[in-house]
Amino acid sequence: TSLLDKEQMQGLRGIREFLKVRTSYDVLPLSFRLIVLDNDLLIKKSLNILIQNGIVSAPLWDSRNSAFVGLLTSTDYINVIQYYCQFPDEIDQVDQFRLSSLRDIERAIGVEPLENVSVHPMRPLYEACRRMLRTRARRIPLVDIDDETGRETVVSVITQYRILKFIAVNNEKYTMMLKKPVREIGLGTYGDLATATMNDSVLDVIHLMVKYNISAVPIIDKENKVLNVFEAVDVIPCIKGGAYDELSSTVGDAVSRRADDFPGMYSCGEDDRLDSIFDTIRKSRVHRLIVVDDDQCLKGIISLSDILKYVLLFGEEDDTIQTEN
Ligand code: ADP
């Protein structure tokens, strides 16, 4: 193996050791707020609360049983939209659905319910990462047991993004060593890419995300140049106020209505290296990178899960992600 390979592996090992000696708790900022939603809330109202607070997910609390019952994410809203598509005559009923109906909606449209994973905040961060990769969860709640009541409490939620940011900020020494081009290490997806054009409807793009099980679709023009990217979280403002019929409007319209603080789209080239991707993550709110050539034409996509998977598992004997710890 070349010097470059050796250094790359040394960098990866350094990051893995770091993840083993830090806990999920270490990732949390000194002070933070956690918005928890009551499971009895109308789905329609939950949309407004997320939008008003500038968040895209929240833990759900069953106040009758005083128990944490799961995480609300954009996937849940996409399920509601699929339900609406399959049962268009039930729009009045859809309006009356509560968050507690989300599991029934999953059943009605025939999707596998997501595994309800959580981690203890004081367990090694490495464990949270492995669990994320195994279950494909993009965020997991940190659940602790309250000393006095003996009940589960949700301390916070950690995301792939926060973990990669934490690595980027605290491990420059090791991320600097990752000098192999992304294409050469097979980071990301380059073959069968799901794409859309500005004139496709929001609904078309949602169906693509469901079909490919992905969280973003690049929007390209006739020449394959990347114009924008439509994300699963963009669905939330689209159905604000229960406006499901507006899903037939174009993605072009939807992205033009984005909030002012939209973090923007990040791209890189096939010859870029993980060291510079970590620099971007250190400085910005990156949720994926679109790989383009010199003419801005689409080549591939690198998701946060692709990065996390490479950082944790590349070169490990058991890189199947089936097993834990
Ligand atoms: P994440 O789990 O980080 O949110 P995604 O769910 O979007 O990422 O991606 C899951 C996998 O699908 C990744 O390996 C990624 O490279 C790939 N992928 C992401 N977007 C697309 C797309 N538009 N077309 C094809 N594959 C994609």
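**Group meeting: a sheet, two domains and a ligand shell**

Let's start with one pair of residues. D38 stands opposite W61 in strand 2. Keep in mind that this is a predicted model.

D38 takes us to the sheet. Three strands form an open sheet, in the order 1-2-3, and the pairing is mixed. Which strands stand at the edges? Strand 1, residues 37–38, and strand 3, residues 67–72. Each has a single partner strand, so one side of each is left without a neighbour in the sheet. Strand 1 and strand 2 run parallel, and two bridges join them. Strand 2 covers residues 58–62.

Now the domains. The domain assignment gives domain 1 as 18–168 and domain 2 as 179–313. Their C-alpha centres lie 22 Å apart. How many residues does the contact take from each domain? It takes 26 from domain 1 and 24 from domain 2.

Look at the domain 1 side of that contact. Five entries give two or more residues to it: helix 3 (43–53), helix 4 (74–86), helix 5 (91–96), helix 7 (125–135) and helix 8 (160–170). Helix 4 gives the most, with seven residues. And the make-up of this side? By class, there are 16 nonpolar, five polar and five charged residues.

Next, the ligand. There are 17 residues around it. Which come nearest? T189, A194, S215, S303 and S305. Three elements give two or more residues to this shell. They are strand 6 (216–220), strand 10 (298–303) and helix 14 (304–313). The shell has nine nonpolar, six polar and two charged residues.

Last topic: backbone angles. Most residues other than glycine have a negative phi. Here are two residues to check on your screen.

Take R136. Its phi is near 65°, a positive value, and R136 is not a glycine. R136 lies in the loop between helix 7 and strand 4, which is 139–145. Is R136 buried or exposed? R136 counts as exposed, because it has 11 C-beta neighbours inside 10 Å, and the cut-off for exposed is 12 or fewer.

Then N224. This residue also isn't a glycine, and its phi is positive, about 70°. N224 is found in the loop between strand 6 and strand 7, residues 226–231. Strand 6 is one of the elements in the ligand shell. N224 has 15 other C-beta atoms within 10 Å, so it is partly exposed.

That's the tour. Questions, please.

Note on methods:
Residues are numbered from 1 along each chain as its sequence is written. This is a predicted model: local features need pLDDT of at least 70, side-chain atom pairs count only at pLDDT 80 or more; totals for chains, interfaces and linings use all residues. Two strands pair if DSSP finds at least two bridges between them. Helices (H or I, at least four residues) and strands (E, at least two) are DSSP runs, numbered from the N terminus. Domain bounds come from an automatic or database domain assignment. Two residues are in contact if their C-beta atoms, placed from the backbone, lie within 7 Å. Ala, Val, Leu, Ile, Met, Phe, Trp, Tyr, Cys and Pro count as nonpolar, Asp, Glu, Lys and Arg as charged, and the others, Gly among them, as polar. A residue is near a molecule or strand if its C-beta atom, placed from the backbone, lies within 6 Å of it. A residue is buried if 20 or more other C-beta atoms lie within 10 Å of its own, exposed if 12 or fewer, and partly exposed in between; C-beta atoms are placed from the backbone.
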